[in-house]
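Q: Before we turn to single features, could you show me how to read them one by one? I would like the general idea each time, and then the case in front of us.

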Amino acid sequence: MIHHLVKPANFFVAGYSFIKSSVTGDPGVYGMPLSIGVELTNNCNLQCPECVTGSGLMKRKHGYMDIKLYDKIMKEIGPYLFNVNLYFQGEPMLHPGFFSFISKAGNTSTIVSTNGHYLTEENSENIAKSGLKKLIISIDGADQETYSAYRKNGNFSKVIDGIKNVAFCKKKLNSSLKIEIQVLINRLNEKQVPKIKELAKEVKASLKLKSMQIINKNDAGKWMPSEDKFIRYKLNNGGYTVKNRLPDRCARLWFNPVVTWNGKVIPCCFDKNAEYIMGDLNYDSFRDIWNGPKYRIFRKSVLADRSMIEICRNCTSGLTGVKY
């Protein structure tokens with residue numbers, strides 16, 4: 001009985017902690033995260049131009065997470081988590097032990113985001129049987145030309161076949177897996193949304209339309225669609241800046257940390273190059289890092305003036321009126 005109360009109790013403690021900090025400016029944190037991002041690998045098969053990995057702008061080493069490191073993470077903080085996102089940079093299904101990570105999540109919900117190139121019949125059946133809660137599949141166009149304009153080196157037909165493989169296995173096995181098709185809306189694909197909606201309906205998947213994150217700010221105008229709700233950026237002094245007012249608070253620092261493939265704990269999913277390392281799980285416990293001086297100083301900086309932190313200036317936390 002006590003075990004089942006851990007997650008909801010942590011939810012209220014962590015929530016109270018964030019509200020208190022937002023009001024008082026005190027960076028103290030109570031409780032543990034509600035969810036965590038775990039990077040299985042930062043390798044990828046595609047070369048998407050506005051992705052740090054795909055564009056070649058990744059400054060850190062490439063590699064694959066050791067399953068023993070994941071065991072350590074889940075043993076320490078798994079009881080507190082509502083979900084684990086098994087992705088960050090890179091394509092998670094490239095990890096040779098991909099399915100082992102799902103199986104070791106225990107009673108914590110797992111979510112995977114993939115570019116869909118490895119959804120073979122065998123992998124799709126294993127996914128449907130794995131206990132994975134949600135599979136997010138990115139498809140940014142309704143034909144090869146439009147799709148590959150952003151998903152460089154991508155094979156549109158292969159992804160469509162993969163989506164249908166997963167949908168078939170889900171139905172065959174009566175799996176509780178949720179399938180979500182995700183589209184980054186840009187100038188090239190915005191008129192193809194009706195076709196993608198038809199696909200989502202056909203495979204009984206949910207559909208999420210998102211605005212694009214731009215890392216090469218000079219290229220923002222190239223990608224921005226016509227609908228304002230899908231545009232994160234505004235023209236400012238000859239360049240593009242995120243529309244976000246950047247309020248001096250951020251729930252991610254109280255609820256949603258990320259662990260890179262080699263064990264570095266970073267504040268959030270906007271720290272693509274792990275420039276703000278809070279600690280290393282190869283040497284310290286998560287709790288010591290979570291409550292440690294580096295995290296405290298970083299939270300204090302956000303509460304004082306979030307706009308002064310580089311990764312925050314492209315962040316959607318606090319952004320209103322835009323799909324992200």
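A: Helices and strands are taken as DSSP runs, numbered from the N terminus. The model is a predicted one, and with those runs in hand K204 can be placed in the loop between α7 (193-202) and β6 (206-211).

Q: What is the phi of K204, and is K204 buried or exposed?

A: As a general idea, most residues other than glycine have a negative phi. K204 departs from this with a positive phi of about 55°, although it is not a glycine. Its relative accessible area is 70%, and because exposed means over 50%, K204 counts as exposed.

Q: Which other residue that is not a glycine has a positive phi, and where does it lie?

A: N153 has a positive phi of about 75° and is not a glycine. N153 belongs to the loop between α5 and α6, and with a relative accessible area of 56% N153 is exposed.

Q: How far is A167 from K204, in sequence and in space?

A: The two residues are 37 residues apart in sequence, while their C-alpha atoms are 7.4 Å apart in space. A167 has its place in helix α6 and is buried, with a relative accessible area of 15%. Once neighbours within four places in sequence are left aside, A167 is in contact with I179 and V203.

Q: How should I read an aromatic pair, and how many does the structure hold?

A: A pair of aromatic rings is described by the distance of the centres and the angle of the planes. The structure holds 12 aromatic pairs. In the pair of Y16 and Y30 the ring centres are 6.3 Å apart and the planes stand at 15°, so this pair is stacked. Y16 lies in helix α1 (residues 2-24) whereas Y30 lies in the loop between α1 and β1 (35-38), so the pair ties together parts that are 14 residues apart in sequence. Y30 itself is partly exposed, with a relative accessible area of 37%.

Q: Which residues form an aromatic cluster, and what do they make at the surface?

A: One aromatic cluster is formed by F11, F12 and F82, and these residues also make a nonpolar surface patch of about 330 Å². Of the members, F11 is found in helix α1 and is partly exposed, with a relative accessible area of 42%.

Q: Over which rings does R299 lie?

A: R299 lies over the face of W254, at 5.6 Å from the ring centre. The charged end of R299 also sits over the ring of W290, 4.6 Å from its centre.

Q: How many salt bridges does the structure hold, and what does one look like in detail?

A: There are 13 salt bridges in the structure. One of them joins the side chains of D140 and R151, with an N to O distance of 2.6 Å. This pair links distant parts of the chain, since D140 is in the loop between β4 (134-138) and α5 (144-150) and R151 is in the loop between α5 and α6 (156-172), 11 residues apart. Both D140 and R151 are buried.

Q: Which salt bridges have partly exposed residues?

A: Among them is the bridge between the side chains of D26 and K20, at 3.6 Å from N to O. D26 has a relative accessible area of 30% and is partly exposed, and K20, at 24% relative accessibility, also counts as partly exposed. K20, D26 and R296 are linked in a network of salt bridges. Another case is E310 with R313, whose side chains meet at 2.4 Å, N to O; E310 counts as partly exposed at 46% relative accessibility, as does R313 at 34%.

Q: What surrounds the buried residues T110 and S124?

A: T110 lies in strand β3 (residues 109-114) and counts as buried at 2% relative accessibility. Not counting residues up to four places away in sequence, T110 touches V84, L86, I102, A105, G131, L132, K133 and K134. S124 lies in helix α4 (residues 121-130) and, at 0% relative accessibility, counts as buried. With neighbours within four places in sequence left aside, the contacts of S124 are L119, G162, N165, V166 and C169.

Technical notes
Residues are numbered from 1 along each chain as its sequence is written. This is a predicted model: local features need pLDDT of at least 70, side-chain atom pairs count only at pLDDT 80 or more; totals for chains, interfaces and linings use all residues. Side-chain values use heavy atoms; hydrogens and water are left out. Rings of Phe, Tyr and Trp (its six-membered ring) pair if their centres lie within 6.5 Å; planes under 30 degrees apart count as stacked, over 60 as edge-to-face and the rest as tilted. Helices (H or I, at least four residues) and strands (E, at least two) are DSSP runs, numbered from the N terminus. Buried means under 20% relative accessible area, exposed over 50%, partly exposed in between (1.4 Å probe, protein chains only). A charge sits over a ring if NZ of Lys or CZ of Arg is within 6 Å of the ring centre and within 35 degrees of the ring normal. Patches are made of residues with over 30% relative accessible area and no salt bridge: like charges are joined within 9 Å, nonpolar side chains (Val, Leu, Ile, Met, Phe, Trp, Tyr) within 5 Å. Accessible areas come from the Shrake-Rupley method with a 1.4 Å probe; for residues, only the protein chains shown count as cover. A salt bridge is a side-chain nitrogen of Lys or Arg within 4 Å of a carboxyl oxygen of Asp or Glu. Contact means heavy atoms within 4.5 Å.
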